[in-house]
Structure formats: C-alpha cells, structure tokens
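Colleague: Please take one part of this model and describe it closely, with its surroundings, for someone who works at the bench. Spell out any cut-offs as you go.

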Amino acid sequence: GDEFSAHDEKSSEWQIDHTVPIDFLKRSHLEKTKPNKWPINHVANLALMKGTLNNSKRAKTIFEFIDELRSQDKKREMKSCQQSLLSDPALLQKEIGEVLWSEDFDEKIYTNYLLMRFDDLRLRVLIHLELISEDGP
C-alpha cells in the first residue's frame, strides 16, 4: 500500500524531522505540563529532511541546527536544511526562535509557532498548485 512505516523512514534517504524535537520539548518544557496534550506531531512541526542531516541534527531545534551549520560555514548543508523546512527560517526565528530558549516558552508560544508555520506551508502549497499567485489570490 501507500503506508510509510517508521522502518521505511529510517531506511530511506529522507526522514521526517520534528522542527522542534520531542527531546527538546522534554528536556526543557514538557515536565512542567501534561506532555500528551502538546501537538508534537502536528504537520507544522514536521519537515522532510535528508537522513544524514536529520541524524546530525539530533535533538536540536531547526533554529539551533541552522545556526550551528552557519557557524561551521557548511553552506550546502544549511541550504538543504532550509529547503527541508519549506519556510523562511530567518522569518520564523525572528518571530518565534528567540522564545524557544527562554524561560517563558510554553504551550501557547509553541502553538503559535505551529499556527504561523502551518499558514506559511498552506500558502506555499497553494502557490505550488497554482491556485494563487505569489502576489496573492
């Protein structure tokens, strides 16, 4: 069938990445609240990423990882990571990135990140399908 199992994902060149990883949320925020209520696997928290990049990203947020790649001058890997995200990481980081490391990070901030990224993804899909132009509907 068309099912994509966890085994298929791990044996593929591509993997599904959590842009804000579960381990990040666990280490910094989930203990304070009920973790089963956070939308961890929301489509806006997922990105299709090359397996080698995803394996080296580990438990870092997408913003931490892009910053690390930038500091190591790994332009090709950074571009691939940014393309996997499908959203403009600089814009996302400007809007939400700094908050991910603050003591004030909470489920509401995380949910706002998901809503913002989902809107961006939805817009990109509509443009790609030529249902709207890049200039608007």
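Modeller: What follows is a close look at one helix pair, with the chain around it.

The model is a predicted one, in which local features need pLDDT of at least 70 and side-chain atom pairs count only at pLDDT 80 or more, while totals for chains, interfaces and linings use all residues. Residues are numbered from 1 along each chain as its sequence is written, and side-chain values use heavy atoms, with hydrogens and water left out.

First, the setting. The chain has seven helices and two strands; these are DSSP runs numbered from the N terminus, with helices (H or I) of at least four residues and strands (E) of at least two. Along the sequence they come in the order α-β-α-β-α-α-α-α-α. Of the 137 residues in the chain, 36% are buried. Here buried means under 20% relative accessible area, exposed means over 50%, and partly exposed lies in between, with a 1.4 Å probe and protein chains only. The exposed surface of the chain is about 8900 Å², and carbon and sulfur atoms supply 53% of that; the areas come from the Shrake-Rupley method with a 1.4 Å probe, and for residues only the protein chains shown count as cover. Among contacts in the chain with a separation of 6 or more, 74% are between residues 24 or more positions apart. Contact means heavy atoms within 4.5 Å.

Now the pair itself. Helix 4 spans residues 62-71 and helix 5 spans residues 75-85; they pack at an angle of about 160 degrees, and their axes are 9 Å apart. Helix 4 is therefore roughly antiparallel to helix 5. On this scale, angles under 35 degrees are roughly parallel, over 145 roughly antiparallel, 65 to 115 roughly perpendicular, and the rest oblique. The axes are lines fitted to C-alpha atoms, for helices over the stretch in contact, and the angles run from 0 to 180 degrees between N-to-C directions. The crossing of helix 4 over helix 5 is left-handed, a term for a near helix turned anticlockwise from the far one by less than a right angle, with clockwise giving a right-handed crossing.

On the helix 4 side, the contact is made by Ile62, Phe65, Ile66, Leu69 and Arg70; helix 5 contributes Glu77, Met78, Cys81, Gln82 and Leu85. Sorted by class, the contact has seven nonpolar residues, one polar and two charged. Nonpolar covers Ala, Val, Leu, Ile, Met, Phe, Trp, Tyr, Cys and Pro; charged covers Asp, Glu, Lys and Arg; the others, Gly among them, are polar. The buried residues of helix 4 include Phe63 and Glu64 as well as Ile62, Phe65, Ile66 and Leu69.

The loops on either side come next. Before helix 4, Arg58 lies in the loop between helix 3 and helix 4. Arg58 has a phi near 55 degrees, which is positive although the residue is not glycine. With a relative accessibility of 66%, Arg58 counts as exposed. After helix 4 comes Asp73, in the loop that leads to helix 5. Phi of Asp73 is also positive, near 55 degrees, again in a residue other than glycine. Asp73 is exposed, at 52% relative accessible area.

Other parts of the chain meet this region. Leu53 belongs to helix 3, residues 51-57, and is buried because its relative accessibility is 7%. Beyond its neighbours within four places in sequence, Leu53 is in contact with Phe65, Glu77, Ser80 and Cys81. Phe65, Glu77 and Cys81 also take part in the contact between helix 4 and helix 5. Leu53 and Ser84 are 31 residues apart along the chain, and their C-alpha atoms are separated by 10.0 Å.

Further along the sequence, Ala90 sits in helix 6, residues 89-95. The C-alpha atom of Ala90 is 9.7 Å from that of Ile66, 24 residues away along the chain. Ile66 is buried, whereas Ala90 is exposed, with a relative accessible area of 52%.
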